[in-house]
Amino acid sequence: MKKIGITTTVPVEVLIAAGYKVIDLNNVFVTAEDYQKYLDIAEKDGFPKNLCAWIKGIYGACIYNGISEIVGVVGGDCSNTKALVDVLSMKGIKVHFFAYPHERSIENVKSAIDDFMKTFNVSLDEVEEIRKRLNEIRLQLIKIDKLTYIDNKVSGFENHLYQVSMSDFNGDVDKYERLLIEKVDELKKRNPNDKKLRLAYLGVPPMTADLYEFVEKFDAHFVYNEVQREFAFPRFAEAENIYEQYYDYTYPYDIDFRLQIIKDQINERKIDAVIHYTQAFCHRAIEDIIIKEKLNIPVLNIEGDKSTNLDARTKLRIEAFLDMLIDMKEMTK
Ligand code: SF4
């Protein structure tokens, strides 16, 4: 099977319909035991020190693993991806493009996906058939998400991990479905946790995944992973077709639509506070100003860079934040 690398969530249905095995290069990078080697490859090839680690990691993962064909998302995701794919193209890697439209309208999304289907020479019927199949798997994720925020049986990290893997279905759709079905059965049998504080994680997936375990030491747990949940298309059942599905996806579009979904989830999940993760050297860090202004619950912004572990200063800030929230919660009892 031909392999194709992706730099973020794209209409994966199109690639699978075209016969590709899809590999999310972000996941290859961040789950590698020796992830630093990917950053070193990028910096040795001239990527600047003061550039987002995800971009360098994607580059290193692509080169190191001999990926010869990729889809670069050059609209709606990351302003650095265009330059990244130019370098990859110069290195001989075949680059296809996908661009989420700047203005979110169903016509614009349709036009972008139609172009993408033309690139890969697949029909709408073929794509819809794959979408139906993938939505069966997305249903398992909805069960895991409910087991997280209703039953309190799934850790924030597990919720993050299973959702983030939905961008490429872990490279094997059938195998991933089997794994999720088994997981759902196993998770149902667990006892619920009794953590006091219910947290939301907002922002791009963290480099520092130890964040999830760290907050649990302070009687808190994450019951909502915002962007990761979007990767799993939780509202797929409301979409009549692939165009509506990718129209109803918050991450690449304007912040207002994103905030609307976040606010709904904060209410539904009875969330006490938000930790907003931003990546060093990422333009999305500016959104923190709007998030803090528009949400009416406490928000702590933390920043990660190259390390996959929280630094001492960030740990101290999180601890102080959670202590304050627990005191506040006890006072209002
Ligand atoms: S964290 Fe920001 S700069 Fe880095 S790849 Fe994602 S969107 Fe781009």
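**Entry 1: the sheet with strands 1 to 4**

I began with the open sheet of 4 strands in this predicted model, and I read its order as 2-1-3-4, with the pairing parallel. I then looked for the edges and found strand 2 (20-24) and strand 4 (94-99) there; each has a single partner strand, so one side of each is left without a neighbour in the sheet. I also noted that neighbouring strands here are turned against each other by 30° on average, direction ignored.

Next I looked up how strand 1 and strand 3 are joined, and I found that residues 2-6 and residues 69-75 pair in the parallel sense over 2 bridges. Which residue of strand 3 stands opposite Gly 5? I found Ile 70 in that place.

**Entry 2: helix 5 on this sheet**

I moved on to helix 5 (residues 81-90), which packs on the sheet and touches strand 3 and strand 4, and I wrote down that its direction makes about 155° with that of strand 3. Which residues of helix 5 are buried? My list holds Thr 81, Leu 84, Val 85 and Leu 88. Seen down the axis of helix 5, these buried residues fall within an arc of 90°, so they line one face of the helix. I reminded myself of the general rule that an α-helix has 3.6 residues a turn, so residues three or four places apart point the same way.

I then checked what the buried residues of helix 5 pack against, and I found helix 4 (53-64), strand 3 and strand 4. After helix 5 comes Gly 92, for which I noted a positive phi, near 95°.

**Entry 3: Ile 67**

I looked up Ile 67, which I located in the loop between helix 4 and strand 3. Is Ile 67 buried or exposed? I count Ile 67 as buried, because it has 20 C-beta neighbours inside 10 Å. Leaving aside neighbours within four places in sequence, I found Ile 67 in contact with Lys 3, Gly 5, Ile 23, Cys 62 and Ile 93. I also compared positions along the chain: Ile 67 and Ile 4 are 63 residues apart, while their C-alpha atoms are separated by 7.0 Å.

**Entry 4: the sheet with strands 5 to 8**

I turned to another open sheet, in which 4 strands with parallel pairing follow the order 6-5-7-8. Strand 6 (220-225) and strand 8 (299-304) stand at its edges, each with a single partner strand, so one side of each lacks a neighbour in the sheet. For the twist I noted an average of 30° from one strand to the next.

Finally, I found that strand 5 (residues 197-202) runs parallel to strand 6 and is joined to it by 5 bridges, and that Leu 199 has Phe 222 in strand 6 as its bridge partner.

Note on methods:
Residues are numbered from 1 along each chain as its sequence is written. This is a predicted model: local features need pLDDT of at least 70, side-chain atom pairs count only at pLDDT 80 or more; totals for chains, interfaces and linings use all residues. Two strands pair if DSSP finds at least two bridges between them. Axes are lines fitted to C-alpha atoms, for helices over the stretch in contact, and angles run from 0 to 180 degrees between N-to-C directions. Two residues are in contact if their C-beta atoms, placed from the backbone, lie within 7 Å. A residue is buried if 20 or more other C-beta atoms lie within 10 Å of its own, exposed if 12 or fewer, and partly exposed in between; C-beta atoms are placed from the backbone. The arc is that of the directions from the helix axis to the C-beta atoms.
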